[in-house]
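Biologist: Before I rely on the terms used for this protein, I should like to see each one justified. Please set every value against its definition.

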Amino acid sequence: MDTTLTSFIWVWITLILVVNLFGIVGLFIGADSAWQALQEVKEIYSPFNVMDWLLELLILSPALVAYVWRERRRKSLQAR
C-alpha cells in the first residue's frame with residue numbers, strides 16, 4: 001500500500017506540472033508576441049493572484065491527502 005500511495009503522489013504531481021506547462025506553452029502559442037505571453041504568465045502565477053494559488057491547492061489536494069494518509073500508515077506501522 002505504501003508504494004501505491006507513493007506512486008499515486010508522484011503521478012498526480014507530475015500530471016499537474018505537465019498540465020501547467022501545457023498551459024504556459026499554450027499562452028505562448030496563442031499570444032501575439034513573446035512579451036505579451038510573458039506578461040500573461042506573470043499575471044497568472046503572481047503571488048498576489050490568490051484565486052490561482054487556491055485552485056492549485058485544490059488540484060493538488062488528492063496528492064496531499066494521499067501523503068498524509070501514507071505518513072499516518074507509516075507511523076502506525078512503526079508503533080506496532
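Biologist: What area does the protein expose, and what share of it do carbon and sulfur atoms supply?

Modeller: The protein exposes about 6,400 Å², and carbon and sulfur atoms supply 72% of that area. Accessible areas come from the Shrake-Rupley method with a 1.4 Å probe; for residues, only the protein chains shown count as cover. This is a predicted model, in which local features need pLDDT of at least 70 and side-chain atom pairs count only at pLDDT 80 or more, while totals for chains, interfaces and linings use all residues. Residues are numbered from 1 along each chain as its sequence is written, and side-chain values use heavy atoms, with hydrogens and water left out.

Biologist: How many helices and strands are there in the protein?

Modeller: There are 3 helices and 0 strands, and from the N terminus on the elements run α-α-α. Helices (H or I, at least four residues) and strands (E, at least two) are DSSP runs, numbered from the N terminus.

Biologist: Why is Asn20 called buried?

Modeller: Buried means under 20% relative accessible area, exposed over 50%, and partly exposed in between (1.4 Å probe, protein chains only). Asn20 has a relative accessible area of 16%, and is therefore buried. Asn20 lies in helix H1 and touches Tyr45 and Glu56, not counting residues up to four places away in sequence; contact means heavy atoms within 4.5 Å. Glu56 is itself one of the buried residues of H3, and these pack against helix H1 (2-30) and helix H2 (34-44).

Biologist: What makes Leu64 partly exposed?

Modeller: Leu64, in helix H3, has a relative accessible area of 44%, which lies between the two limits, so Leu64 is partly exposed.

Biologist: Which residues form the nonpolar patch on the surface?

Modeller: The patch consists of Val50, Met51, Leu54, Leu55, Leu57, Leu58 and Leu64, with about 690 Å² of accessible area together. Patches are made of residues with over 30% relative accessible area and no salt bridge, nonpolar side chains (Val, Leu, Ile, Met, Phe, Trp, Tyr) being joined within 5 Å and like charges within 9 Å. A salt bridge is a side-chain nitrogen of Lys or Arg within 4 Å of a carboxyl oxygen of Asp or Glu.

Biologist: Where does the kink in helix H3 lie?

Modeller: The kink, of about 50 degrees, lies at Ser61 in helix H3 (residues 50-79), shortly before the proline Pro62. The bend at a residue is the angle between axes fitted to the seven residues ending there and the seven starting there.
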